[in-house]
Amino acid sequence: LSEGEESLSESEQSLSEGEESLSEGEESLSEGEESLSGSEESLSGSEESMSESEESLSEGEKSLSEGEESLNEGEESLSEGEESLSESEESLNEGEESLSEGEESLNEGEESLSEGEE
């Protein structure tokens, strides 16, 4: 009987230790779930940040493309302006040549008039 009581006492102690271990396991599980929840929240934040970065990159590429298009248009406009300037210079040269011919013709006319008066 004494041995039975001792065995029962040991069983109760073992049961008590088991319950304590189970309680610690439940606490550890609760901490693990809390940590997992924090990790999921952090992951969600990271995914949102990555999505915003991709959107920003896309806007940057679009802006770069628009800038290149604007630069091309500017170069085209500059080229047209240079062509127009070249045509204006050519027209000016022709005008000066015509003016010079007119002065020459006027001089000849005056000379002819002078000879006619003589």
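**Figure 1. Radius of gyration and extent of the protein.** In this predicted model, the protein has a radius of gyration of 50 Å, whereas a compact globule of 118 residues would have one near 13 Å. The C-alpha trace spans about 170 × 10 × 10 Å along its principal axes.

**Figure 2. Secondary structure of the protein.** One helix and zero strands make up the secondary structure. The helix, α1, covers residues 2–117.

**Figure 3. Surface of the protein.** The accessible surface comes to about 10500 Å². Carbon and sulfur atoms account for 45% of that surface. Of the 118 residues, 0% count as buried.

**Figure 4. Close-up of S14.** S14 lies in helix α1. The relative accessible area of S14 is 44%; because this value falls between the 20% limit for buried and the 50% limit for exposed, S14 is classed as partly exposed.

**Figure 5. S14 and E82.** The two residues are separated by 68 residues in sequence. In space, S14 and E82 are 99 Å apart, C-alpha to C-alpha.

Definitions and conventions:
Residues numbered from 1 in each chain as written. Predicted model: local features only at pLDDT ≥ 70, side-chain atom pairs only at ≥ 80, totals over all residues. Heavy atoms only, no water. Helix = DSSP H or I, 4+ residues; strand = E, 2+ residues; numbered from the N terminus. Buried < 20%, exposed > 50% of the residue type's maximum accessible area, 1.4 Å probe, protein only. Rg over C-alpha atoms; globule rule 2.2 N^0.38 Å. Areas by Shrake-Rupley, 256 points an atom, 1.4 Å probe, with all protein chains shown as cover.
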